[in-house]
Amino acid sequence: MLELYQFETCPYCKKVRAKLSELNLDYICRNVSKFTKKREILTVIGDRDQVPYLVDLDKQVFMYESDTIVEYLEKTYG
Ligand SMILES: N[C@@H](CCC(=O)N[C@@H](CS)C(=O)NCC(=O)O)C(=O)O
């Protein structure tokens with residue numbers, strides 16, 4: 001299962017959402033907008049307070065950086 005930590009107006013997140021849709025992939029969307037308590041989860045499960053952050057549980061892959069994520073999705077699921 002794929003999980004995307006993101007917020008709606010982030011352009012980098014938008015790029016990742018577009019790729020997920022293009023590949024017709026199901027994913028759980030974790031909305032972590034700025035200035036919310038919920039956002040702290042990112043520094044617990046990752047090492048940076050930054051979105052987008054992708055978790056691919058099946059493959060135990062965790063990553064930041066939209067370009068890296070898009071490339072990973074294309075390579076793995078394209
Ligand atoms: N190079 C990163 C940039 C990501 C980025 O700057 N995300 C912003 C939101 S649009 C962010 O999380 N900034 C830190 C913050 O909001 O605290 C990428 O391509 O994913």
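What percentage of the 78 residues in the protein chain is buried? The figure is 21%. Keep in mind that this is a predicted model.

## Overall layout

The protein chain has 3 helices and 4 strands. Walk along the sequence and the pattern reads β-α-β-α-β-β-α. As for dimensions, the C-alpha atoms fill a box of roughly 35 × 25 × 20 Å along the principal axes. The radius of gyration comes out at 12 Å, which agrees with the value near 12 Å for a compact globule, because that is what 78 residues would give.

How are the contacts spread along the sequence? Take the contacts between residues at least 6 apart in sequence: 61% of them join residues at least 24 apart.

## Strand pairing

S3 is a good place to start with the strands. On one hand, S1 and S3 run antiparallel and are joined by 4 bridges. On the other, S3 also pairs with S4, again in the antiparallel sense and over 4 bridges. Tyr53 in S3 shows up in both pairings: Tyr5 stands opposite Tyr53, and Tyr53 stands opposite Tyr64 in S4. Leu54 has its own partner in S4, namely Met63.

S3 and S4 form a hairpin, with 4 residues between them. Gln60 sits in that turn and has a positive phi of about 55°. Just past the turn comes Val61, which is found in strand S4 (residues 61-64). Val61 is partly exposed, because 13 other C-beta atoms lie within 10 Å. Its C-alpha atom is separated by 19 Å from that of Tyr12, a residue 49 places away along the chain.

## The nonpolar core

Which residues of the largest nonpolar core touch the most other members? Out of 13 residues, they are Leu4, Tyr5, Val16, Val51, Leu54 and Ile69. Four elements each supply at least two residues of this core: strand S1 (2-6), helix H1 (11-22), strand S3 (53-56) and helix H3 (66-77). As a general backdrop, nonpolar side chains tend to be buried together in soluble globular proteins.

Tyr5 deserves a look of its own. Leaving aside neighbours within four places in sequence, Tyr5 is in contact with Arg30, Val32, Leu42, Val51, Pro52 and Tyr53. Val51 is another of the core residues that touch the most other members, and Tyr53 is the residue that Tyr5 stands opposite in S3.

Now compare that with Glu3, also placed in strand S1. Glu3 counts as partly exposed because it has 16 C-beta neighbours inside 10 Å. With neighbours within four places in sequence left out, Glu3 is in contact with Tyr27, Ile28, Arg30 and Val55. Arg30 therefore turns up in the contacts of Tyr5 and in those of Glu3, while the C-alpha atoms of Glu3 and Asp49, 46 residues apart along the chain, are separated by 16 Å.

## Around the ligand

What surrounds the ligand? The shell holds Cys10, Tyr12, Lys34, Asp49, Gln50, Val51, Pro52, Glu65, Ser66 and Asp67. By type, that divides into 4 nonpolar, 2 polar and 4 charged residues.

Val51 links this part of the story to the core, being in the ligand shell and among the core residues that touch the most other members. Pro52 is in the shell as well, and it is one of the contacts of Tyr5.

## Backbone oddities

Most residues other than glycine have a negative phi, and most peptide bonds are trans. A few spots here go the other way. The peptide bond from Val51 to Pro52 is cis, with omega near 0°. Pro52 lies in the loop between helix H2 (41-45) and S3.

Then there are the positive phi values. Asn24 has phi near 60° and sits in the loop between H1 and strand S2 (27-31). Gln60, with phi near 55°, is in the loop between S3 and S4. Are these two buried or exposed? Asn24 counts as exposed because it has 7 C-beta neighbours inside 10 Å, and Gln60 counts as exposed with 7 such neighbours too.

Note on methods: Residues are numbered from 1 along each chain as its sequence is written. This is a predicted model: local features need pLDDT of at least 70, side-chain atom pairs count only at pLDDT 80 or more; totals for chains, interfaces and linings use all residues. A residue is near a molecule or strand if its C-beta atom, placed from the backbone, lies within 6 Å of it. Ala, Val, Leu, Ile, Met, Phe, Trp, Tyr, Cys and Pro count as nonpolar, Asp, Glu, Lys and Arg as charged, and the others, Gly among them, as polar. A residue is buried if 20 or more other C-beta atoms lie within 10 Å of its own, exposed if 12 or fewer, and partly exposed in between; C-beta atoms are placed from the backbone. A nonpolar core is a set of buried Ala, Val, Leu, Ile, Met, Phe, Trp, Tyr and Cys residues joined through C-beta atoms within 7 Å. Two residues are in contact if their C-beta atoms, placed from the backbone, lie within 7 Å. The radius of gyration is taken over C-alpha atoms; the globule rule is 2.2 Å times the number of residues to the power 0.38. Two strands pair if DSSP finds at least two bridges between them.
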